[in-house]
Amino acid sequence: MQPVVLLTFRESVRSDARETLDYFASQGVAVRIISGDNPHTVAAIAREVGLEVLDGFDARELPDDRDALAAVLAEHVVFGRVTPAQKKNIVIALQQAGHTVAMTGDGVNDALAIKEADIGIAMDSGSAATKAVARIILLDGRFSHLPGVVAEGRQVIANVERVSMLFLTKTAYATALAVIFGAFLLQFPFLPRQLSIVDGLTIGIPSFFLALMPNTRRYIPGFLRRSLSFAIPAGLVIALALALYTRLSLDAGISEAELRTGSTLILAIVGLWILIVLSRPIDGIKTLIIGAMMIGLVLVYSIPLVTNFLELVNPSLTTALLVILISALTIGGIEIVRFVHVRYVRRHSGPPPLLGKH
């Protein structure tokens with residue numbers, strides 16, 4: 001869906017409008033200016049703030065049919081002589097055409113459209129009726145705050161999606177482990193305390209910081225589908241790898257404590273790799289987070305008090321070789337899953353076509 005921002009005349013004449021409109025244009029957001037004033041006057045102001053328009057469209061000539069109205073909106077940017085009812089119809093026509101619509105305004109004549117829009121934005125200096133139906137109120141009336149509002153929303157949504165993949169992957173492999181080990185009557189390769197420390201290092205602690213990091217990725221519908229399309233296959237790869245390690249360890253006569261130690265190490269290594277995969281591109285802050293978790297893993301296996309509590313033992317050469325082999329195979333499987341996942345997302349979440357001209 002194409003995002004569209006509808007601006008009333010008073011917001012478009014502010015001195016800070018040019019940079020804000022340039023930002024929306026760079027983000028693929030179409031801008032339409034609607035006003036009750038003379039269309040020639042509105043078009044002149046629009047040119048002053050950087051919009052490439054020749055003239056305004058007189059709303060008295062707008063069609064009543066909403067499909068035809070959407071076609072006119074795709075061809076023109078500035079509209080004058082727009083009545084309150086027409087503003088509402090413009091919002092509805094754009095929504096029916098598949099667009100997500102934000103509407104700004106401060107007068108009573110904007111209230112109907114602001115209420116109907118997906119995101120209604122009112123100025124604090126506006127009428128009480130307009131502010132009552134708006135979802136966002138700009139307390140100082142500055143249009144330049146809207147890019148910050150968009151960035152804040154994107155940060156929350158994008159980071160929640162990233163963090164959810166970590167938690168959903170854990171849920172997927174935990175479920176698969178229970179099913180596989182139960183079906184084949186294999187010895188479960190973990191103690192609850194061992195799983196807790198791995199979850200803390202690979203999911204709990206890093207997700208806290210990742211959720212607070214800046215993220216300007218544009219919102220794309222299909223959050224659950226994208227998350228599960230990575231988490232489920234990644235979880236299955238991890239569960240199958242641990243089942244293979246357990247089977248090989250039992251066949252090699254490895255002790256129970258050593259088997260659990262190797263399983264914990266494999267899950268920790270693979271969990272950290274998933275954290276790396278989902279953190280890409282990795283910058284300075286992410287490097288610190290991932291590095292700290294790696295140091296934490298080393299400390300877990302180095303401090304006697306911790307190793308005794310977690311019942312970890314020194315692995316034999318056979319266990320060490322199995323851990324290296326299974327970890328490498330699992331990491332390769334995770335990379336394949338991510339490769340396919342990225343292309344799946346690109347294929348199903350391509351950039352939407354722009355609405356007419358800016």
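Of the 358 residues of the protein, 47% count as buried in this predicted model. The secondary structure comes to 14 helices and 7 strands. The radius of gyration is 28 Å, well over the 21 Å that the globule rule gives for 358 residues, so the protein is more spread out than a compact globule. Taken along the principal axes, the box filled by the C-alpha atoms is roughly 85 × 35 × 30 Å.

Helix 3, which spans residues 39-48, has as its buried residues Pro 39, Val 42, Ala 43, Ile 45 and Ala 46. Seen down the axis of helix 3, these buried residues fall within an arc of 160 degrees, so they line one face of the helix. An α-helix has 3.6 residues a turn, so residues three or four places apart point the same way. The N-terminal end of helix 3 is capped by Asn 38, a side-chain oxygen of which lies 2.8 Å from the backbone nitrogen of His 40. Beyond the other end, helix 3 is followed by Gly 50, a residue with a positive phi near 100 degrees.

Charged side chains were examined next. Side chains of opposite charge can pair when their charged atoms come close. With a salt bridge taken as a side-chain nitrogen of Lys or Arg within 4 Å of a carboxyl oxygen of Asp or Glu, the count comes to 9 salt bridges. One of them joins the side chains of Arg 60 and Asp 58, with an N to O distance of 2.7 Å. The two partners differ in their surroundings, since Arg 60 is exposed, with a relative accessible area of 64%, whereas Asp 58 is buried, with a relative accessible area of 16%.

Another salt bridge is formed between the side chains of Glu 311 and Arg 193, at 3.7 Å from N to O. This pair links distant parts of the chain, for Glu 311 is in the loop between helix 13 (304-310) and helix 14 (317-348), while Arg 193 is in helix 9, and the two are 118 residues apart. Glu 311 counts as partly exposed, at 39% relative accessibility, and Arg 193 is likewise partly exposed, with a relative accessible area of 34%.

A salt bridge contained within one helix is provided by Arg 247 and Asp 251, whose side chains meet at 3.4 Å from N to O. Both residues lie in helix 10 (residues 223-251), where they are 4 residues apart, or about one turn of the helix. Arg 247 is partly exposed, with a relative accessible area of 39%, while Asp 251, at 56% relative accessibility, counts as exposed.

Helix 10 also takes part in a nonpolar patch on the surface. This patch is formed by Val 156, Ile 157, Val 160, Tyr 219, Phe 223 and Leu 224, which together have about 530 Å² of accessible area. The elements that give two or more residues to the patch are helix 8 and helix 10. Helix 8 gives the most, with 3 residues, and Leu 224 is one of the patch residues that lies in helix 10.

Several features of the backbone are found in loops. Arg 81, although it is not a glycine, has a positive phi of about 60 degrees, and its place is in the loop between strand 4 (78-80) and helix 5 (84-96). The relative accessible area of Arg 81 is 33%, so this residue is partly exposed. Leu 185 is also a residue other than glycine with a positive phi, in this case near 55 degrees, and it is found in the loop between helix 8 (146-183) and helix 9 (192-210). With a relative accessible area of 76%, which is over the 50% that marks an exposed residue, Leu 185 is exposed despite its nonpolar side chain.

Finally, a cis peptide bond joins Arg 280 and Pro 281, with omega at about -5 degrees. Pro 281 belongs to the loop between helix 11 (256-279) and helix 12 (284-300).

Terms used. Residues are numbered from 1 along each chain as its sequence is written. This is a predicted model: local features need pLDDT of at least 70, side-chain atom pairs count only at pLDDT 80 or more; totals for chains, interfaces and linings use all residues. Side-chain values use heavy atoms; hydrogens and water are left out. Buried means under 20% relative accessible area, exposed over 50%, partly exposed in between (1.4 Å probe, protein chains only). The arc is that of the directions from the helix axis to the C-beta atoms. A polar contact is a pair of N or O atoms within 3.5 Å; within protein, one must be able to donate a hydrogen and the other to accept it, and residues adjacent in sequence count only if both atoms are side-chain atoms. Patches are made of residues with over 30% relative accessible area and no salt bridge: like charges are joined within 9 Å, nonpolar side chains (Val, Leu, Ile, Met, Phe, Trp, Tyr) within 5 Å. Accessible areas come from the Shrake-Rupley method with a 1.4 Å probe; for residues, only the protein chains shown count as cover. The radius of gyration is taken over C-alpha atoms; the globule rule is 2.2 Å times the number of residues to the power 0.38.
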